[in-house]
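Work through the exercises below with the sequence and the model side by side, and try each task before reading its solution.

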Amino acid sequence: MNLLKKSATAALLLSGFLGAAAHAETPGVTADKIVFGQSAAFDGPAGALGTGMHQGLMAAFSAANKAGGVNGRMLEIVKYDDGYEPDQAIENTKKLIEQDKVFSIIGAVGTPTSRATQPIATEAKVPFVGPFTGAGFLRDSANSNVINVRATYDQETETWIKHLTEDLGISKIAILYQDDGFGRVGLAGVNKALEKRGMKLVAEGTYQRNTTAVKTALLAIRKAEPEAVVMVGAYKPLAEFIKLSKKLKLDPVFVTISFVGSRALAAELGDQGAGVVISQVVPFPWDSSIPLVAKYTEDLKAYDASLEPGFVSLEGYMVGRLTVMALEKAGKDLSRESFLEAVYGTGTFDLGGAKLEYGPGDNQGMGDVFLSVIQADGSFKSVEKLSK
């Protein structure tokens, strides 16, 4: 009898060992958890962006964990601050992949940082999920490990120019952009949309990433007396630009991009934010008639009752929900390959008021662009068209 017991115990131990060995084949996956890695800006002039993405991701993951995890595994995120600087993002990403051995990179923030880190993830065959950027290079069909959720910057800039010209009849448009890969992607998109209409920018101004040194750019733009200034940058420098503009009696229509961090921009501007237009790539976070938004609001409060809804955390939540759904589809025998196959093989993920679509050579997700306008009290209004 003792011999039988010993044999059964040995068999169980061997079974457990083999199970652990099988899980060990996929980094970041154990019998009871899946570990993701996030390198993003959590401090500095873009800090609200990484923070918002992380909060949204954690709201989705926490809801899944409370329901027993995904196929019995809890979801975790190891995060590092890259300060929105490519060199630090590279260091963080290598650490996440090589030392922390995460299953996937998730919720990266920014074009210059993603341009630096996506090739590292691609070479290591690590999924690169839900980057907070609309840069076109991430939509390259060769990068099948990249899973995007949001519309592209070209789609956002086309929406700007369409509404400025058609709704308001504006013809004199200037641009302020961050002088790096992010800003230049936005500049190219604006030029493309203007050329389509036989138009050109009346002025350009730039500033350096992670600074608020916008005065020289403002003086160059002011000379052209633009009717609208479109802006491609982060919230702190753009808020500084708008406030300085108003001091100098330049008050055109200000339009900016989803990446800006809408709530952070409104907070920075205070009572000077009224009328600023921001394009968005997620549904309106306060419209609880949308099932996705109602669930997001509930899960965000359950994760941290002190948090308020916003565009950035809703995007993070959508990335998190997509990830959970794909993990469920991939099943118990999870690998990086089966996860990616689940995304592309499923094709359409209905989040309840927002659909993400994938297929062979298509890693885009969603292409919708929405317009919002900051109100006098710092809140937001969703609009179909612009008005004077």
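**Exercise 1. The largest pocket**

Task: Find how much space lies in the largest pocket, and which residues are closest to its centre.

Solution: Begin with the volume, which is about 340 Å³ for the largest pocket. On a 1 Å grid over the protein atoms alone, a pocket is an open set of points with protein on both sides within 12 Å along at least five of seven lines, a cavity is a set where a 1.4 Å probe fits but cannot get out, and lining residues have an atom within 4 Å of a point. Grid points are joined across faces, edges and corners, and the volume is the space filled by probe spheres set on the points. Next, look at the lining, where 19 residues take part and Gly275, Val277, Val373, Ser387 and Lys388 are the closest to the centre. Finally, turn to the strands: E9 (253-256) and E15 (380-383) each supply at least two residues of this lining.

Before going on, note that the model is predicted, that local features need pLDDT of at least 70 and side-chain atom pairs pLDDT 80 or more, while totals for chains, interfaces and linings use all residues. Residues are numbered from 1 along each chain as its sequence is written, and side-chain values use heavy atoms, with hydrogens and water left out.

**Exercise 2. The open sheet**

Task: Work out the order of the five strands in the open sheet, and which strands stand at its edges.

Solution: The order is E2-E1-E3-E4-E5, with parallel pairing; helices (H or I, at least four residues) and strands (E, at least two) are DSSP runs numbered from the N terminus, and two strands pair if DSSP finds at least two bridges between them. E2 and E5 (146-147) are the edge strands, each with a single partner, so one side of each has no neighbour in the sheet. Helix H11 (residues 311-330) packs on this sheet and touches E1, E2, E3, E4 (128-129) and E5, its direction making about 150° with that of E1; contact means heavy atoms within 4.5 Å, and the angle, on a scale from 0 to 180 degrees, is taken between N-to-C directions of lines fitted to C-alpha atoms, for helices over the stretch in contact. Within the sheet, eight bridges join E1 (residues 33-40) to E2, and Lys33 stands opposite Met74 in E2.

**Exercise 3. The largest cavity**

Task: State how many cavities of 30 Å³ or more a search of the whole structure finds, and which helix gives the largest share of the lining of the largest cavity.

Solution: The search finds two such cavities, and the largest cavity holds about 40 Å³ of space. Its lining includes Phe132, Arg150, Phe311, Val312 and Glu315. The largest share, three residues, comes from H11.

**Exercise 4. Helix H2 and the loop after it**

Task: Decide whether H2 is largely enclosed or not, and find where Asn71 lies.

Solution: Of the 20 residues of H2, 14 are buried, so this helix is largely enclosed by the rest of the structure; buried means under 20% relative accessible area, exposed over 50%, and partly exposed in between (1.4 Å probe, protein chains only). Just after H2, Gly68 takes a positive phi of about 105°. Asn71 belongs to the loop between H2 (47-66) and E2 (74-81), where its phi is near 50°, a positive value in a residue other than glycine. Most residues other than glycine have a negative phi. With 29% relative accessibility, Asn71 counts as partly exposed.
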